[in-house]
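Visitor: Can you walk me through this model? I'd like to ask as we go.

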Protein chains: 2
Amino acid sequence: MIDVFVADDHTLFAEGISQALAAIPDLHVAGTASGGVELIELAEKSRADVLLIDLEMPDLSGFEVLRRLGGSPPAIIVTMHADAERRSQAIEAGAKGFLSKSTPLPELAAAVRAVSAGLDLTPHTTTLRDVLDPYMEPSLDPGAASLTVRERELLTLLGEGVSLTEELAERLYISPKTVKNHLASIYEKLSISDRTQAAVEAIRLGLVDNR
Amino acid sequence: MIDVFVADDHTLFAEGISQALAAIPDLHVAGTASGGVELIELAEKSRADVLLIDLEMPDLSGFEVLRRLGGSPPAIIVTMHADAERRSQAIEAGAKGFLSKSTPLPELAAAVRAVSAGLDLTPHTTTLRDVLDPYMEPSLDPGAASLTVRERELLTLLGEGVSLTEELAERLYISPKTVKNHLASIYEKLSISDRTQAAVEAIRLGLVDNR
DNA sequence: GGAGAAATAGGGCGCCCGACCTATGGAGAG
DNA sequence: CTCTCCATAGGTCGGGCGCCCTATTTCTCC
């Protein structure tokens, strides 16, 4: 489970990409920020593994943010204008990756995984796809891999101690009956039989932010 | 929660001290060994935080064990004959503490906490009690501190995914009714209301070996 | 365009769980 | 020597949980 933090002054874009990333099994959005200052404040608290930063932000440019953070956590620059000059500036400022906003989602996900694993993507330019290739598939604990997005959401809540059907239903905006359906499905997939064991598994699988 | 490993060729002594340590809220016995060779094998696997080693062991003396382990994990020598010569030898071999077998249990516990925190007790001789003073009280998460030994045992099992009353009863050699009594007590002390939340708490409090 | 999966919602049933209550023996504190 | 706490054990009762069904809508995939 990799925690990603998204910063973009275009709120809609930040929201959209968050949704998209959250739907990927091994990625989790730790939070979003709509500006550089907010990003610096939140990035440390949220304990993100990887930052996705837009270059063009009104209060603090992506460059400045990179310098202040000093490479920890590692950051990937995502920009509308992926030209050579910005690219070299971003690298100089400490970016671990540099991607266009038109990058396909699976490739972005792969880049996140690669950077999270400690890779620096900036030395590679033309052969980027080859570098990312080993990271194209979600790497998730077997078992959790077979869970659907919704089932993972439910399981995460259980791992946080939300145990009552009624409360789970309210948190997910669905009927209690549906909660039970999802639970039954989770039990079968993980070879367990009640929510207590499910909570244990949720934590073991790293679905819960326990830091 | 500090994991302690006990090595002593006098099995009864090892067992006894294990029982005594396990009854202390913030200590947990990771395992025991009845000889130096066994100790070296098991100490690494068990991931103990602190070793308690008897000097007088038939196959490998405590001195030799200390040298082979090289100070990690930190070890406290416990001996029947706490004379100056053995003491200096033990320190030279890398012991972090040197105690007589007649040391009171609370003091031993304090020594374990101190060494676990990175302290080296060997420089201090006469003023040992003053050094240990800050470590005399169990340092445990508030909440877990109020739990009894038995309640903690039950909670630990829950955190490992043992959820059924019947199975919990078998594991603890008590009646299902008693299990329920303990559970009710745990719920009240931790301000929770079911075993799912209890399992979450057990893990959060570090009662479960999740390494 | 038909198959399959996922998310949604519901009904019924048996059993376990949690809440509340009493009770006894042993250990430690005063 | 009491008084309190802990561990043990038991009883009752209502409600929630897990298990087995069916069903519809919306996707994606070939």
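Guide: Here is a short chat about the chains, the core and the DNA contacts.

Visitor: What kind of model is it, and how do I read the numbers?

Guide: This is a predicted model, so local features need pLDDT of at least 70 and side-chain atom pairs count only at pLDDT 80 or more, while totals for chains, interfaces and linings use all residues. Residues are numbered from 1 along each chain as its sequence is written, chains are lettered from A and ligands numbered from 1 in the order in which they are written, and side-chain values use heavy atoms, with hydrogens and water left out.

Visitor: How many helices and strands are in chain A?

Guide: Chain A has 10 helices and five strands. These are DSSP runs numbered from the N terminus: helices are H or I with at least four residues, strands are E with at least two.

Visitor: How much of chain A is buried?

Guide: Of its 211 residues, 49% count as buried. Buried means under 20% relative accessible area, exposed means over 50%, and partly exposed is in between (1.4 Å probe, protein chains only).

Visitor: And what share of its contacts link residues 24 or more positions apart?

Guide: In chain A, 61% of the contacts with a separation of 6 or more. A contact means heavy atoms within 4.5 Å.

Visitor: How is chain B related to chain A?

Guide: A turn of 179 degrees and a shift of 0.3 Å along the axis lay chain B on chain A, with an RMSD of 0.2 Å. The two copies are thus related as by a two-fold rotation axis. The superposition is by least squares on the C-alpha atoms of residues with pLDDT of at least 70 in both copies.

Visitor: Which residue of chain B comes closest to that axis?

Guide: Thr196(B), with its C-alpha at 2.1 Å.

Visitor: Through which surface do the copies meet?

Guide: The same one, because 100% of the interface residues of chain B are also interface residues in chain A.

Visitor: New topic. What's in the largest nonpolar core?

Guide: It has 46 residues. Leu154(A), Leu155(A), Leu154(B) and Leu155(B) have the most contacts inside it. H7, H8, H9 and H10 of chain A each give two or more residues, and so do H7, H8, H9 and H10 of chain B. A nonpolar core is a set of buried Ala, Val, Leu, Ile, Met, Phe, Trp, Tyr and Cys residues joined through side-chain atoms within 4.5 Å.

Visitor: What does Leu155(A) touch?

Guide: Leaving aside neighbours within four places in sequence, Leu155(A) contacts Leu147(A), Ile186(A), Leu190(A), Ala198(A), Ala202(A) and Leu207(A).

Visitor: Now DNA strand C. Which residues come nearest?

Guide: Thr148(A), Ser175(A), Asn181(A), Thr165(B) and Arg195(B), out of 18 around the strand. Near means that a heavy atom of the residue lies within 4 Å. H9(A) gives the most to this surface, with four residues. By class, there are four nonpolar, nine polar and five charged residues. Ala, Val, Leu, Ile, Met, Phe, Trp, Tyr, Cys and Pro count as nonpolar, Asp, Glu, Lys and Arg as charged, and the others, Gly among them, as polar.

Visitor: Which part of strand C faces the protein, backbone or bases?

Guide: Of the strand C atoms within 4 Å of the protein, 63% belong to sugar or phosphate and the rest to bases. A phosphate oxygen is 2.5 Å from a polar backbone atom of Ser175(A). Another pairing puts a phosphate oxygen 2.7 Å from an N or O atom in the side chain of Thr165(B).

Visitor: And strand D?

Guide: There, 17 residues surround the strand. H9(B) gives the largest share of that surface, four residues. A backbone N or O atom of Ser175(B) lies 2.4 Å from a phosphate oxygen. What about a base? A polar side-chain atom of Lys180(A) lies 3.2 Å from a base nitrogen of strand D.

Visitor: Last one. Where is Tyr173(A), and what is its phi?

Guide: Tyr173(A) sits in the loop between H8 and H9 of chain A. Its phi is near 60 degrees, a positive value in a residue other than glycine. Most residues other than glycine have a negative phi. Tyr173(A) counts as exposed, at 77% relative accessibility.

Notes. Polar contact = N/O pair within 3.5 Å; in protein donor to acceptor, adjacent residues only side chain to side chain.
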